[in-house]
Amino acid sequence: MKIFLVLGSIIIPIVMVVLQRKWRRFHIFFNLAALISALIFGNIASIAIFNIIKDNKVFMTNIHSVFLNPFFLITGAYLGLYLIYSIILRILSEYQNK
């Protein structure tokens, strides 16, 4: 499973770069998906923190319960992949400009 996670974090952003180079619409799709993911991710985190402060239950186990939310995990994973994808695009852009 660990190898799958590491290889996925390398291969999926490269596939994203190839797709957006071939079909420009994928670039727009990846950007919109990142925007939606950031909104969902941030809202889930802020609501969880708000509930903990409101209930005055500031325990480490309470805040870590947010990791059980599948939407939080999925959007966070996509944002991680998108960040790597964006870095690859920037590297390629700078390399092509030289």
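Angles between helix axes under 35 degrees count as roughly parallel, those over 145 as roughly antiparallel, those from 65 to 115 as roughly perpendicular, and the rest as oblique. In this predicted model, helix 1 and helix 2 pack with their axes 6 Å apart and at an angle of about 135°. The two helices are therefore oblique to each other. Their contact is made by Met16, Leu19 and Gln20 on the side of helix 1, and by Phe26, His27 and Phe30 on the side of helix 2. Four of these residues are nonpolar and two are polar, with no charged residue in the contact of helix 1 with helix 2.

Helix 2 covers residues 25–55. At 1.5 Å a residue, its 31 residues should span 45 Å, and the end C-alpha atoms are 45 Å apart, so the expected and computed spans agree. Buried positions in helix 2 are His27, Phe30, Ala33, Ala34, Ser37, Ile44, Ala48 and Ile52. An α-helix has 3.6 residues a turn, so residues three or four places apart point the same way. Alanine 45 also lies in helix 2, but counts as partly exposed because its relative accessibility is 23%. Between alanine 45 and isoleucine 91 there are 31 Å in space, C-alpha to C-alpha, and the two are 46 residues apart in sequence. After helix 2 comes asparagine 56, which has a positive phi, near 55°.

Helix 2 also packs on helix 4 (residues 70–97), at an angle of about 135° and with the axes 9 Å apart. This angle makes helix 2 oblique to helix 4. The crossing of helix 2 past helix 4 is left-handed. Helix 2 contributes His27, Phe30, Asn31, Ala33, Ala34, Ser37, Ala38, Ile40, Phe41, Ile44 and Ala45 to the contact, while helix 4 contributes Phe71, Phe72, Thr75, Gly76, Tyr78, Leu79, Tyr82, Tyr85 and Leu89. By class, the residues in the contact of helix 2 with helix 4 are 15 nonpolar, five polar and no charged. One of the helix 4 residues in this contact is threonine 75. Threonine 75 has a relative accessibility of 7% and therefore counts as buried. Leaving aside residues up to four places away in sequence, threonine 75 touches Ser37, Ile40 and Phe41.

Helix 1 (residues 2–22) meets helix 4 as well, the axes coming within 9 Å and crossing at roughly 55°. Helix 1 is thereby oblique to helix 4. Here the crossing is right-handed. From helix 1, the residues Gly8, Ser9, Ile12, Pro13, Ile14, Met16, Val17, Gln20 and Arg21 meet Tyr78, Leu81, Tyr82, Ile84, Tyr85, Ile88, Leu89, Leu92 and Gln96 of helix 4. The contact of helix 1 with helix 4 comprises 13 nonpolar, four polar and one charged residues.

Helix 4 itself has 28 residues. From its first C-alpha to its last, helix 4 reaches 40 Å, close to the 40 Å expected at 1.5 Å a residue. Phe72, Thr75, Tyr78, Leu81, Tyr82, Tyr85 and Leu89 are buried in helix 4. These buried residues pack against helix 1 and helix 2. Among them, Tyr78, Tyr82, Tyr85 and Leu89 are listed in the contact with helix 2 and also in the contact with helix 1.

Definitions and conventions:
Residues numbered from 1 in each chain as written. Predicted model: local features only at pLDDT ≥ 70, side-chain atom pairs only at ≥ 80, totals over all residues. Heavy atoms only, no water. Expected span 1.5 Å × (residues − 1). Buried < 20%, exposed > 50% of the residue type's maximum accessible area, 1.4 Å probe, protein only. Axes fitted to C-alpha atoms, helices over the stretch in contact; angles between N-to-C directions. Left-handed = near helix turned anticlockwise from the far one by under 90°. Contact = heavy atoms within 4.5 Å. Nonpolar A, V, L, I, M, F, W, Y, C, P; charged D, E, K, R; others polar.
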